[in-house]
Amino acid sequence: MEPQTPRDRVTQVSQGWSKVNRYLRGTLAAGETRKLLIDDGNFQHGFIVHELFISPVNPLDEANSAATSAILHLSNIPPTAFLWRDPTQIAWAVYNTNPTNTYSVIAPDNIVVRELYVTNLNAGQELNYMVHITDRQMTPAHGVLTMVKEVTYND
């Protein structure tokens, strides 16, 4: 039996659909926004974001590892602040050298059908990111409703 990797481990869930764990990771330049997911044209296929991790590129270098933050969002317009009331923002993360100020928050009802972006809010340093997502197959009605919400939020 071949060992499964954590990158694409398939597990069965109670709803009867399979879930594939995916990890999107990379490094963002200071102030950079990057598109992580591209619309595949299938409105019945989406992704659920489970975790967002960030850190400076060299967190042990105290002189260059000041607090940094990132946002996962659905709009191609980069956000400039954490706005939890903004439905296009679905995850927020802060890294600080003080562990009590390091956290990540994920909107519990998020489903991404079209595009997903990540923005480094720190204008002074690079950061590493890792996003844990799973595939989600939806009924036609649920897929259309989710896509309509994304379009409405982006206008």
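In the predicted model, five strands form an open sheet in the order S3-S8-S5-S6-S7, with antiparallel pairing. The edges of this sheet are taken by S7 and by strand S3 (33–37); each has a single partner strand, so one side of each is left without a neighbour in the sheet. Direction ignored, neighbouring strands of the sheet are turned against each other by 15° on average. Strands of a sheet pair through backbone hydrogen bonds, in either a parallel or an antiparallel arrangement.

The pairings can be followed across the sheet from S3. Strand S3 is joined to strand S8 (residues 116–120) by four bridges, and the two run antiparallel. Within this pairing, Leu-37 lies opposite Leu-116 of S8, and Thr-33 lies opposite Thr-119 of S8. Strand S8 also pairs with S5, again in the antiparallel sense and over four bridges. Here Ile-71 is the residue opposite Thr-119 in S8. Thr-119 thus stands opposite Thr-33 and also opposite Ile-71.

Strand S5 (residues 68–73) is in turn joined to S6 by six bridges, and these strands run antiparallel. Ser-69 is placed opposite Val-94 in S6. The pairing of S6 with strand S7 (residues 103–106) is antiparallel and extends over four bridges. Ala-91 has Ile-106, in S7, as its bridge partner.

Burial was examined for two strands of the sheet, S8 and S6. In S8, five of the five residues are buried, so this strand is largely enclosed by the rest of the structure. Both of its faces are covered: Leu-116, Val-118 and Asn-120 are buried on one side, and Tyr-117 and Thr-119 are buried on the other. Strand S6 (residues 89–95) is mostly covered as well, with seven of its seven residues buried.

The largest nonpolar core contains 23 residues, of which Leu-72, Leu-116 and Val-131 touch the most other members. Two or more residues are given to this core by each of strand S2 (18–28), S3, strand S4 (45–56), S5, S6, S8 and strand S9 (127–137). The surroundings of Leu-116 were listed without its neighbours within four places in sequence. On that basis Leu-116 is in contact with Arg-34, Lys-35, Leu-36, Leu-37, Val-49, Leu-72, His-73, Leu-74 and Ile-90. This list includes Leu-37, the residue opposite Leu-116 in the pairing of S3 with S8. It also includes Leu-72, which is itself among the core residues that touch the most other members.

One aromatic pair was found. The ring centres of Trp-84 and Trp-92 lie 5.3 Å apart and the ring planes stand at 40°, so the pair is tilted. The two residues fall into different accessibility classes, because Trp-84, at 52% relative accessibility, counts as exposed, whereas Trp-92, at 3%, counts as buried.

Side chains of opposite charge can pair when their charged atoms come close. A search of the whole structure finds two salt bridges. In one of them, the side chains of Asp-135 and Arg-22 meet at 3.2 Å, N to O. This pair links distant parts of the chain, with Asp-135 in strand S9 and Arg-22 in strand S2, 113 residues apart. Asp-135 is buried, with a relative accessible area of 10%, while Arg-22 counts as partly exposed at 32% relative accessibility. A salt bridge is also formed by the side chains of Arg-34 and Glu-32, at 3.0 Å from N to O. In this case Arg-34 counts as partly exposed at 26% relative accessibility, and Glu-32 is partly exposed with a relative accessible area of 24%. Arg-34 is also one of the residues in contact with Leu-116.

For the chain as a whole, the protein contains one helix and nine strands. From the N terminus on, the order of elements is β-β-β-β-β-β-β-β-β-α. Of the 155 residues of the protein chain, 39% count as buried. Among contacts between residues at least 6 apart in sequence, 71% join residues at least 24 apart.

Definitions and conventions. Residues are numbered from 1 along each chain as its sequence is written. This is a predicted model: local features need pLDDT of at least 70, side-chain atom pairs count only at pLDDT 80 or more; totals for chains, interfaces and linings use all residues. Side-chain values use heavy atoms; hydrogens and water are left out. Rings of Phe, Tyr and Trp (its six-membered ring) pair if their centres lie within 6.5 Å; planes under 30 degrees apart count as stacked, over 60 as edge-to-face and the rest as tilted. Buried means under 20% relative accessible area, exposed over 50%, partly exposed in between (1.4 Å probe, protein chains only). Two strands pair if DSSP finds at least two bridges between them. Axes are lines fitted to C-alpha atoms, for helices over the stretch in contact, and angles run from 0 to 180 degrees between N-to-C directions. A nonpolar core is a set of buried Ala, Val, Leu, Ile, Met, Phe, Trp, Tyr and Cys residues joined through side-chain atoms within 4.5 Å. Contact means heavy atoms within 4.5 Å. A salt bridge is a side-chain nitrogen of Lys or Arg within 4 Å of a carboxyl oxygen of Asp or Glu.
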